[in-house]
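User: Please go through the assignments for this structure and set each of them against the criterion behind it.

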Amino acid sequence: MALLEVEDLSVTFARRGQRAVHAVDGVSFSVDAGEVVGLVGESGCGKSVTSLAIMGLLPKQPGLRVGGKAVFDGTDLLQLDDRSRRDIRGRDIAMIFQDPLSSLNPVIPIGLQVTEVLTRHRGMKGEAAAKEAAALLDRVGIPDPKRRLKEYPHQLSGGMRQRALIAMAVACQPRLLIADEPTTALDVTIQAQILELLKELVRDSGTALLMITHDLGVVAGMCDTVNVLYGGRVVETARRRPLFRQPRHPYTVGLLGSVPRLDAGRGEKLNPIPGSVRDLLPWPDGCAFAPRCARRIDECVGEPPELVHAHDGRSYRCVNPEPLPGMVPAPREEESA
Amino acid sequence: MFRFIVRRLLQLIPTLFGLSLLLFIWLRRLPGGPETAILGERGTPEMRAAIRRNMGLDEPILVQYGRFVRRMIKLDLGTSTSTKRAVTTEFIERFPGTVELTITAMIIAIGIGIPLGYLAARRRGRFLDHASVGGSLIGICIPVFFLGYVLKAIFSENLHWFPSSGRQDPTLEATRVTNFFVLDGLMTREWDAAADALWHLVLPAIALASIPLAIIVRITRASVLEVLNEDFVRTAEAKGLTEQTVRRRHVLRNAMLPVATSIGLLAGGLLSGAVLTETVFAFSGIGAFVAEAIGQRDYPVLMGFILIIAVVYVLVNLLVDLSYSFIDPRVRVR
């Protein structure tokens with residue numbers, strides 16, 4: 001049985017007098033224990049909203065409706081009351097965010113921001129908590145951890161800050177770690193270090209990782225299974241290798257075509273997908289990607305496409321998928337990680 | 001930290017020096033000169049000349065200025081023309097009353113303003129939010145003296161809950177030590193005197209607190225709303241911390257910075273607001289005294305008041321700057 005089973009998750013923002021916005025529209029995927037799962041898509045496709053909905057961290061506002069299920073270890077997270085949710089957050093499911101500077105409280109020392117998790121979930125206090133916090137910082141590769149505990153976020157470099165956030169997330173050895181674009185705000189060299197660190201932590205502790213990213217390089221280097229999101233829906237799910245070798249959904253093909261490649265011929269153009277996610281649908285039903293799709297046919301604009309389960313365990317939501325002999329070779333891992 | 005305080009106190013010197021120059025010029029430039037200010041329009045030329053000689057106004061201007069500064073350094077602010085007593089003595093008697101009133105008003109404004117602003121932000125768009133935002137608008141609009149009269153009419157003349165005027169019941173014959181009546185009562189263990197002084201403070205302090213309270217509510221509300229949207233609050237929530245910890249450690253502390261700034265600015269304004277409040281409640285602080293001095297053209301008193309206000313302003317803002325460094329390590333002073 002999967003560790004996390006998200007079923008038909010939907011998030012709707014309804015404003016008075018305005019048309020409701022379906023930020024997430026029937027997303028289903030699962031994460032097995034110890035598995036690394038990618039949630040991939042452009043900005044605006046609903047990947048962050050999905051993760052926040054699972055965590056119960058969507059900003060409370062009138063008109064917000066969350067539907068479906070997110071079953072973690074037998075309990076539906078969406079049905080829990082606030083207190084039980086707070087018990088699970090940080091202990092069983094932890095999260096790392098995109099911008100490490102703004103995600104850390106600027107006015108309290110790093111040490112307290114680590115120990116407060118230990119105090120809350122592991123009942124550690126004083127000396128013991130400080131010692132454990134130092135050990136955690138050491139484990140995520142922060143040199144001179146004792147001194148760092150007393151410092152404030154602005155005194156740390158970007159990479160150190162993200163390491164500190166990771167330390168806080170793994171403080172209680174969660175069973176699931178959700179990383180929402182953890183490397184987007186960092187330098188390329190630091191990105192690689194942080195990904196390496198995440199990989200190592202996941203491998204050593206058996207923590208499952210839900211990796212939310214728009215960066216296919218990250219996916220290629222880390223994920224076992226990949227879910228491609230578009231317009232608030234999962235449009236393709238596959239293991240990593242088949243996905244890169246033979247993408248079926250035209251959007252996945254487009255994503256792969258948008259990545260610059262070192263081995264491309266000089267002067268060869270990138271193939272960006274025209275338009276953007278935010279473009280409104282010209283017709284109410286049908287496939288959300290159709291307006292931008294090169295393989296659009298008449299059926300695309302009538303009914304929303306059903307999920308097709310292919311024989312090799314992959315699934316996609318397309319009535320006119322890419323034919324099977326794949327056109328796009330998988331990227332070499334050492335280049336893209 | 002220590003060096004910062006010393007440096008800021010040293011900055012007082014040029015401020016006061018500039019102020020002394022302005023005051024000096026102001027006094028020389030009074031219509032008809034200082035002698036008219038003292039004598040009024042009735043003085044004979046002989047009397048004028050005598051006063052000019054007496055005050056050293058016939059000496060070179062630099063010598064006059066030198067003497068002026070020397071007297072100021074010795075805290076000799078001259079003699080009040082209306083009460084014929086030394087200005088310094090008058091101030092020592094009256095200033096503590098104003099300080100007591102201002103501090104009480106500030107405690108009310110902060111003690112109610114910050115929690116109310118916080119709750120309004122948390123209950124955004126609901127009744128408490130609308131009530132406090134609307135109420136604070138009324139608080140800003142109502143003139144202090146009007147509110148003072150209304151409070152007096154309701155709570156002392158009709159309900160007889162609070163005294164309507166003065167700083168203390170004179171029949172108590174309380175011992176004076178510092179002229180801070182509440183403090184005096186506590187120091188001499190005359191509990192009834194302290195309680196009575198405190199009782200006299202309530203209505204004027206509420207009247208005086210109305211505007212700062214309204215401003216603090218609004219600034220706190222806006223600031224909390226902004227902090228609630230910050231990423232680090234989401235991080236704190238993601239850690240599963242209790243609501244109380246998130247609120248106290250992560251939201252409130254970050255929201256306090258703009259509030260601290262406004263408190264510093266408000267504290268200065270309170271001293272001038274005290275003038276009206278003290279007049280309404282016949283509260284013998286420096287405000288009522290200065291209001292009278294303006295009418296009497298009592299220049300030595302006015303000059304002394306301006307100097308004191310300047311010093312208080314600098315000191316209060318020093319305190320505010322120091323409080324920053326406790327709230328936010330990024331502006332930690334060196």
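Analyst: The answers below take up the sheet, its central strand, a helix, the chain contact and a database annotation.

Analyst: The model is predicted: local features need pLDDT of at least 70, side-chain atom pairs count only at pLDDT 80 or more, and totals for chains, interfaces and linings use all residues. Residues are numbered from 1 along each chain as its sequence is written, while chains are lettered from A and ligands numbered from 1 in the order in which they are written.

User: What makes β10 and β12 of chain A a pair?

Analyst: Strands are DSSP runs of E of at least two residues, helices runs of H or I of at least four, both numbered from the N terminus. Two strands pair if DSSP finds at least two bridges between them. Two bridges join β10 (residues 233–239) to β12 (residues 315–316) in chain A, and these strands run antiparallel. In β12(A), Y316(A) is the bridge partner of E236(A).

User: Why are β6 and β11 of chain A said to stand at the edges?

Analyst: The open sheet of chain A has eight strands in the order β6-β7-β8-β3-β9-β10-β12-β11, with mixed pairing. Within it, β6 (93–96) and β11 (308–309) of chain A each have a single partner strand, so one side of each is left without a neighbour in the sheet.

User: Which strands flank β3(A), and how do they run?

Analyst: β3(A) pairs with β8 (residues 208–213) of chain A in the parallel sense over five bridges, and G38(A) has M211(A) as its bridge partner in β8(A). Four bridges join β3(A) to β9 (residues 225–230) of chain A, also parallel, where V40(A) stands opposite V228(A).

User: Why is β3 of chain A called largely enclosed?

Analyst: A residue is buried if 20 or more other C-beta atoms, placed from the backbone, lie within 10 Å of its own (exposed: 12 or fewer; partly exposed: in between). Five of the five residues of β3 (residues 36–40) of chain A are buried, so the strand is largely enclosed by the rest of the structure. V36(A), G38(A) and V40(A) cover one side, V37(A) and L39(A) the other.

User: How many residues of chain B are in contact with chain A, and which element gives the largest share?

Analyst: Contact requires C-beta atoms, placed from the backbone, within 7 Å. Here 20 residues of chain B are in contact with 25 residues of chain A. The largest share of the chain B side, six residues, comes from α10(B).

User: What does the record give for residues 95–324 of chain B?

Analyst: An unreviewed UniProt entry annotates them as "domain: ABC transmembrane type-1"; such annotations may be inferred rather than shown by experiment. In the model, this stretch is 81% helix and 0% strand.

Key. Two residues are in contact if their C-beta atoms, placed from the backbone, lie within 7 Å.
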